[in-house]
Every structure is written in C-alpha cells, then in structure tokens.
Amino acid sequence: MNSRTMIISALMLGASLAAGCSPTMKAEPGAGQLGSGVKVLVDDGTCPAGQIKQVTGGNNAANIPRKRECIARP
C-alpha cells in the first residue's frame, strides 16, 4: 500500500469514527492505524456466509493484541 492510499484510508477511517459508526473495510488497517479499542468491520471474505469480521484495535505498549472475530452482519 503506498503512502497516498494509507493517508486516504486513515482519513476515511477517522471520518467514519467521528460520525459514530463502525466503518466497513475491504482489508484490515495496517499496524498503527487502528486505535486501542476501536472496532471496524472487515469484509475480506474470511468469515462464513452471513457474517463479517470485526477487528478491535489493540495496544502494543500494553501487550494487548488486536482481536478478530466473525459476527453476524449488521
């Protein structure tokens, strides 16, 4: 992913979070792009039909890994 794409993705993520909704993405945000406890939906085809992956940001400094789980589509 080039720097321009990363900047655009980060701006879109920030706008979605400011609007109070959980954004749906095609791929997980890169390292350092998802705040601790922030949740995003990732539609990358890894979950069974009718479900979507929910990714919750972790915290490297506190040794808390990202959490990934398949949930029912909203």
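Two strands count as paired when DSSP finds at least two bridges between them. With that in mind, let's walk through this predicted model.

**The overall layout**

The chain holds 1 helix and 4 strands, and from the N terminus on these elements run α-β-β-β-β. Of its 74 residues, 23% are buried. The accessible surface of the chain comes to about 4900 Å², with carbon and sulfur atoms contributing 57% of that area. If we take the contacts between residues at least 6 apart in sequence, 14% of them join residues at least 24 apart.

**The sheet**

How are the 4 strands ordered in the sheet? They form an open sheet in the order β1-β2-β3-β4, and the pairing is mixed. Strands β1 (24-25) and β4 are the edge strands, each with a single partner, so one side of each is left without a neighbour in the sheet. As a general reminder, strands of a sheet pair through backbone hydrogen bonds, either parallel or antiparallel. Here is how the pairs work out:

| Strand pair | Sense | Bridges |
|---|---|---|
| β1 and β2 | parallel | 2 bridges |
| β2 and β3 | antiparallel | 4 bridges |
| β3 and β4 | antiparallel | 6 bridges |

Some individual residues help to trace these pairings. T24 stands opposite L41 in β2, a strand that covers residues 39-42. Moving across the sheet, V40 stands opposite V55 in β3. V55 also has a bridge partner in β4, namely R68.

**A buried threonine in β3**

T56 belongs to strand β3. Is T56 buried or exposed? Its relative accessibility is 13%, and because buried means under 20%, T56 counts as buried. Which residues does T56 touch, once its neighbours within four places in sequence are left aside? T56 is in contact with L34, G37, V38, K39, R66 and K67.

**An exposed asparagine with a positive phi**

Following the chain onward brings us to the loop between β3 (51-56) and β4 (67-72), where N63 lies. N63 is worth a look: its phi is positive, about 60°, although the residue is not a glycine. For context, most residues other than glycine have a negative phi. Is N63 buried or exposed? With a relative accessibility of 69%, N63 counts as exposed, because the cut-off for that class is over 50%.

To bring the two residues together, T56 is a buried residue at 13% relative accessibility, whereas N63 is an exposed one at 69%. T56 sits in strand β3, and N63 sits in the loop that lies between β3 and β4.

How values were computed
Residues numbered from 1 in each chain as written. Predicted model: local features only at pLDDT ≥ 70, side-chain atom pairs only at ≥ 80, totals over all residues. Heavy atoms only, no water. Buried < 20%, exposed > 50% of the residue type's maximum accessible area, 1.4 Å probe, protein only. Contact = heavy atoms within 4.5 Å. Areas by Shrake-Rupley, 256 points an atom, 1.4 Å probe, with all protein chains shown as cover.
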